[in-house]
Amino acid sequence: MTAYYKELQPADAYRIRLPYPFSNYDRQLLTMLYQSMIGAEAISLYLTLWAEGEASTEESSHYTVMNTLGIPISKIFEARIQLEAIGLLKTYRNDSSERSFIYELCPPLDPKTFFMDPLLSMFLFSKIGETSYRKIRKRFLIETEIPADFKEVSRTFTDIFQPVHAKVGYPPEKEDFQERKKGSYVTESDFDFDLLQQGLSESMVPRRVLTASIKAYIAKLAFLYSWGPFDMQLVVMRAIEGNYHLSIENLKKEATEYYKAKVSTTAPQLVQMYKVAEKKPTIDESPKTRQDELLVYLETAPPIQILRDIANGSEPLPADLELANQLVTSHGMEPAVVNVLLQYVLLRTDMKLTKAYVEKIASHWLRKNITTAKDAMEIARVEHTQYMKWKSEGSPTTAAKPFTGNGNHKPVREEKLPEWFHKKDQVSALKAEPKNESLEIEKQKLLAKLALKKGKGG
């Protein structure tokens, strides 16, 4: 596992590279072929970057994406690496000064290439089942075979064009052309082709048929079925045709038949082995108490969601949202800490988000290196306790004018506080109860003994 916070932070900048326009057909392929494999969040991130890349090439922070998608930075990172693994995104990082990224979007594979790929086709099959797989395959692989009684009569290039001597100069030797790259994924294979070829007779399987594309396909099949060179030798010998032709279609077919005969009639499944490690897993298990649920909410929700929830679902004012954004992007505060800060200030100040007051507390918490919601809640409790103590005892200035017009102290205004504020005191009180009960029981026992002694003595 990799700790996501070492690789991505909300304040990290990024810009998008969209080297050529994508089409609505690409959008259909993403939705129908890729979404089942990598999930809705990864596709949402791709579509968001796509839309943003078409509109602007300026830098943004990942905090913007968090607000757009409404998911925390850990989910953004997880979605990103899934796009990278499936071949839809290339990521470039610059660590020279402040960390920044370039995201280059890649188009999805065309349907024929996708369904011929052993890993992608099997991955999709294992996710959606045979019925849906056949339905989607039929939708995208359109059978348009030319009838046998037709023959091609298209002219070639040289049939129509020929070079002539002209004085129009030459095109530039080098230009920064962008080609429409296939969204192919990268696999790291340590398959032993030397051992594979040692077991194949040159008279049966000449070396020349093992081209680069055939080798890449063999490596994918070996990875999918967990086979070594000896099993793949059998597959290759079954797949090669009489004229020494070795095709990808035959390799795929013979590998499937060999797996069914030797291992299982059920196709192998591909599962995700990479899990994103959270920064500080304050809650290892599912929330058990209301306090745990609240902590998870504050740790995972983006600040814009906190502002919406406090306003009963209404969209926050731009000034409030800008203040929250500045705390994250300009001051580097964790979104979870900003959540606690916003909730605390809004409820303490009767729903007024005063910028100066927020920044005063924020600067204190930054100096204290507060990075989690739990730590933020704790320091807020301590600060509030000190404030109330100071207020009830009277500050030096207020002590000099202790009386009001009727001779009494001014009543101390009751502070409105977040729900999580009183939990610690409640826990302490609950812990104290057994002790008091026990003391009372012991007291009753002692009184009973004394009464007994007194009775005997009498």
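Helix 5 gives the most to the lining of the largest pocket: 7 residues. The model is a predicted one, and this pocket is a good place to enter it.

The largest pocket holds about 1200 Å³ of space. Its lining counts 36 residues. Closest to the centre are Ala85, Val186, Phe223, Val271 and Met273. Four elements give two or more residues to this lining. They are helix 2 (24–38), helix 5 (73–86), helix 7 (118–140) and helix 10 (212–225). By class, the lining of the largest pocket has 21 nonpolar residues, 7 polar ones and 8 charged ones.

Now move to the second largest pocket. About 630 Å³ of space lies there. Its lining is made of 22 residues. Met122, Phe125, Tyr133, Lys252 and Thr256 lie nearest the centre. Which element supplies the largest share of this lining? Helix 7 does, with 8 residues. Helix 7, helix 10 and helix 12 (248–262) each supply at least two. Sorted by class, the lining of the second largest pocket has 11 nonpolar, 4 polar and 7 charged residues.

Where does the second largest pocket lie with respect to the domains? Domain 2 (110–142) gives residues to its lining, and domain 3 (193–262) does too, so the pocket lies between them.

Helix 7 links the two accounts. It is among the elements that give two or more residues to the lining of the largest pocket, and it also gives the second largest pocket 8 lining residues. Helix 10 is likewise named for the largest pocket and for the second largest.

One residue deserves a closer look. Serine 247 sits in the loop between helix 11 (229–239) and helix 12. Is serine 247 buried or exposed? Its relative accessible area is 11%. The cut-off for buried is under 20%, so serine 247 counts as buried.

What surrounds serine 247, leaving aside its neighbours within four places in sequence? Serine 247 is in contact with Ile214 and Glu241. The side chain of serine 247 also reaches the backbone nitrogen of asparagine 250, at 3.2 Å. Valine 209 offers a view across the sequence. Serine 247 and valine 209 are 38 residues apart along the chain. In space, their C-alpha atoms are 9.1 Å apart.

Conventions:
Residues numbered from 1 in each chain as written. Predicted model: local features only at pLDDT ≥ 70, side-chain atom pairs only at ≥ 80, totals over all residues. Heavy atoms only, no water. 1 Å grid on protein atoms, 1.4 Å probe; cavity = no way out; pocket = protein on both sides within 12 Å on 5 of 7 lines; lining within 4 Å. Points joined across faces, edges and corners; volume = space filled by probe spheres on them. Nonpolar A, V, L, I, M, F, W, Y, C, P; charged D, E, K, R; others polar. Domains from an automatic or database assignment. Buried < 20%, exposed > 50% of the residue type's maximum accessible area, 1.4 Å probe, protein only. Contact = heavy atoms within 4.5 Å. Polar contact = N/O pair within 3.5 Å; in protein donor to acceptor, adjacent residues only side chain to side chain.
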